[in-house]
Amino acid sequence: MSILIGGAWPYANGSLHLGHIAALLPGDILARYYRLKGESVLYVSGSDCNGTPISIRANQEGLAIQDIADRYHQEFIESFAILGFSYDFYSRTDSQQHHEVVQRIFLQLLENGYIYKKEIEQTYCEFDHQFLPDRYVEGVCPNCGHPSRGDQCDNCSTILDPLDLIDRKCKICGNEPTTKATEHFYFSLSSFQHELEEQVKKVRANKAWRENAIHLSERYLTEGLHDRAVSRDLQNGVSVPVQGYEDKKVYVWIEAVSGYYSASQQWAIDTNQSDEAFWNEETVSYYVHGKDNIPFHSIIWPSILSGIGKDAFPTHIVSNEYLTLEKKKLSTSKNWAVWVPAILESYDPDSIRYFLSANAPENRDADFSWREFIFSHNSELLGAYGNLVNRTLKFIDKSFEGAVSGNLDLDIIEMIQFRYGEIGHLIEQGHFKQAIETIFETIRFGNKYFDTKQPWKEIHENREECKNILLTCVHIIANCAQLLSPFLPFSSDKVKAMLNLAPFTWEPIEKSIYQTFQVSPLFERIDLNQIEIELEKLKLNAI
């Protein structure tokens, strides 16, 4: 089975924050899980280095667009590596190869009759003497009345045109823009109305998309799909590959999603393989992102794929709700955020991965609080998981010279065997919170088993039974480490090393003898004083 996993492309105009990681982490969990199963996996993403946000940041800092894109692309690579994201290929949208692939897609859509030219009215700033890209126009959403950008309302998810906004203002100078006639290319999105209606009906039946993606897609289809501009007057981006229009750029909403395909193509070149198996009707595909990206993956990308003759409709859309911070909405402009480079300086990446998995905004907004983060680390990772590993392996080291053998509890063998199918199904269906909670139920069961069986007494009364107890506890530990490896790869690798386990798979580990090696704590306790320290830093840095 071929598994394509596409993680949304963060804009290279600022550091990643925990909201980004909460939205993107499911992609890595899926990739790691399917590799354990032995499936053919292609996990791709990249930095969005084109478009308006990077231009805005470059203007603010008085730097070249390329400097900004290079800075944050490199920072993203480093942050994702420390967090253990296992991309098969991580790209960038300003690469020559990406530009060439996007231009080929554009020309295919043009040739197939899905792109046409049209003269339109576009917002123009008389003060700055330029046409304004959508994100350079701000105003009030006509649908819900909230402040909005000119491309999409973050509050109600309505896809907008800058001319739709009430009380329009130029983001550069603050003046009200005028309108001017200009010619642009349009994508015939309306041509795919019926096809998408049929596909979304099937998705509704099998529930392979998150409910928010199904609901929002049904809303767009009920309202009726409208043709959308596919070119814009921008400073940076992919040039329109039509003679006389080279100064115009391919609009970001069609260009960025095409990055999944361009990254796939580059991976194929780099590895001397074919990527065809990841782009057909047999492919199982997961698109992982926040809910603000839903229409681009559920409506626009499927239409593009259909328009170029790729029968690769997204089989799964994993679209998280939002992550809030200390009960308040994340705000990069107000610096109300936990920035990834900063948190990685002080905390274990598995602690971050655990919290964002166990408290993921899967079906509703979830909150990150420093109190809950630190308490969950101390109670679950250290107090439950770390405790079971440490108490069991230290006991074996001390009482049996680091080696234990015997007979496993048959009921526990059966329970562990069942867990693989149960947890695997939850991961495949995108229920990551429930999956990791089920594993931690097993860990808590292991601690209860240790307490109930009292090996510290049995060693004096029945040494062979003590071995059986400890072997069963190690059986739980080894299998929980393997089950947790898609979620917590670093601590799982530590357990693998301490027990000299074979490379992980998605099959139960069943051994009758274990040898321990250099047993050390999985996690360190975090001082509770850090809660107030972090809260104070957050408040001081907020604007």
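Okay, let's start with a strand pair: β4, residues 115–125, and β9, residues 178–187, run antiparallel and are joined by ten bridges. Before I go on, keep in mind that this is a predicted model. Within that pairing, E119 of β4 stands opposite E183 in β9, so to speak glutamate facing glutamate across the two strands.

What order do the strands take in the open sheet of four? It goes β5-β4-β9-β10, and the pairing is antiparallel. At the edges you find β5, 130–131, and β10, 228–229, and each of those pairs on one side only.

Next sheet. This one is open too, with three strands in the order β7-β6-β8, again with antiparallel pairing. The edge positions go to β7, 147–149, and β8, 166–170; each has a single partner strand, so one side of each has no neighbour in the sheet. From one strand to the next, the twist averages 25 degrees. If you zoom in on β6, residues 137–140, you'll see three bridges to β7, in the antiparallel sense. There, G139 stands opposite S148 in β7.

Now for a parallel pair. Strand β2, residues 40–47, pairs with β3 over four bridges, and this time the sense is parallel. V44 is the residue that stands opposite F89 in β3. A quick reminder before the next bit: in a regular strand, side chains alternate between the two faces of the sheet. So which residues of β3 are on which side? In β3, residues 89–92, F89 and S91 are on one side, while Y90 and R92 are on the other. Both faces are covered, and those four residues are all buried, the arginine R92 included.

Let's move over to the helices. I've got two packing pairs to show you.

The first is α14, residues 432–453, against α16, residues 463–484. Their axes are 10 Å apart, and the packing angle is about 165 degrees. Are they roughly parallel or roughly antiparallel? An angle over 145 degrees counts as roughly antiparallel, and therefore that is what α14 and α16 are to each other. Their crossing is left-handed. On the α14 side, the residues in contact are I436, I439, F440, T442, I443, F445, G446, Y449, F450 and K453. Coming from α16 to meet them are I469, L470, T472, C473, I476, C480, L483 and L484. If you sort the residues of that contact by type, you get 14 nonpolar, three polar and one charged.

The second pair is α6, residues 211–223, with α9, residues 294–307. Here the axes are also listed at 10 Å apart, but the angle is about 55 degrees. That makes α6 oblique to α9. The crossing of this pair is right-handed. From α6, the contact uses N212, A213, L216, S217, Y220 and L221, and from α9 it uses I294, P295, S298 and I299. By type, that contact of α6 with α9 has seven nonpolar residues, three polar and no charged.

Staying with helices, here's one residue I'd like you to click on: I427, in helix α13, residues 410–428. Is I427 buried or exposed? Its relative accessibility is 0%, so I427 counts as buried. And what does I427 touch, leaving aside residues up to four places away in sequence? The answer is I29, L30, Y33, F432, A435, F487 and W506. One of those, F432, belongs to the stretch 432–453 that we just met as α14. As for S333, which is 94 residues from I427 along the chain, the two C-alpha atoms are separated by 35 Å.

Last stop: two backbone oddities. E401 isn't a glycine, and yet its phi is positive, at about 55 degrees. You'll find E401 in the loop between α12, 370–400, and β18, 403–405. With a relative accessible area of 74%, E401 is exposed.

The other one is Q518, again not a glycine, with a positive phi of about 45 degrees. Where does Q518 sit? Look in the loop between β19, 513–515, and α18, 529–541. Q518 has 77% relative accessibility, so it counts as exposed.

That's my tour, thanks for listening.

Key: Residues numbered from 1 in each chain as written. Predicted model: local features only at pLDDT ≥ 70, side-chain atom pairs only at ≥ 80, totals over all residues. Heavy atoms only, no water. Axes fitted to C-alpha atoms, helices over the stretch in contact; angles between N-to-C directions. Parallel < 35°, antiparallel > 145°, perpendicular 65-115°, else oblique. Left-handed = near helix turned anticlockwise from the far one by under 90°. Contact = heavy atoms within 4.5 Å. Nonpolar A, V, L, I, M, F, W, Y, C, P; charged D, E, K, R; others polar. Buried < 20%, exposed > 50% of the residue type's maximum accessible area, 1.4 Å probe, protein only. Pairing = 2+ DSSP bridges.
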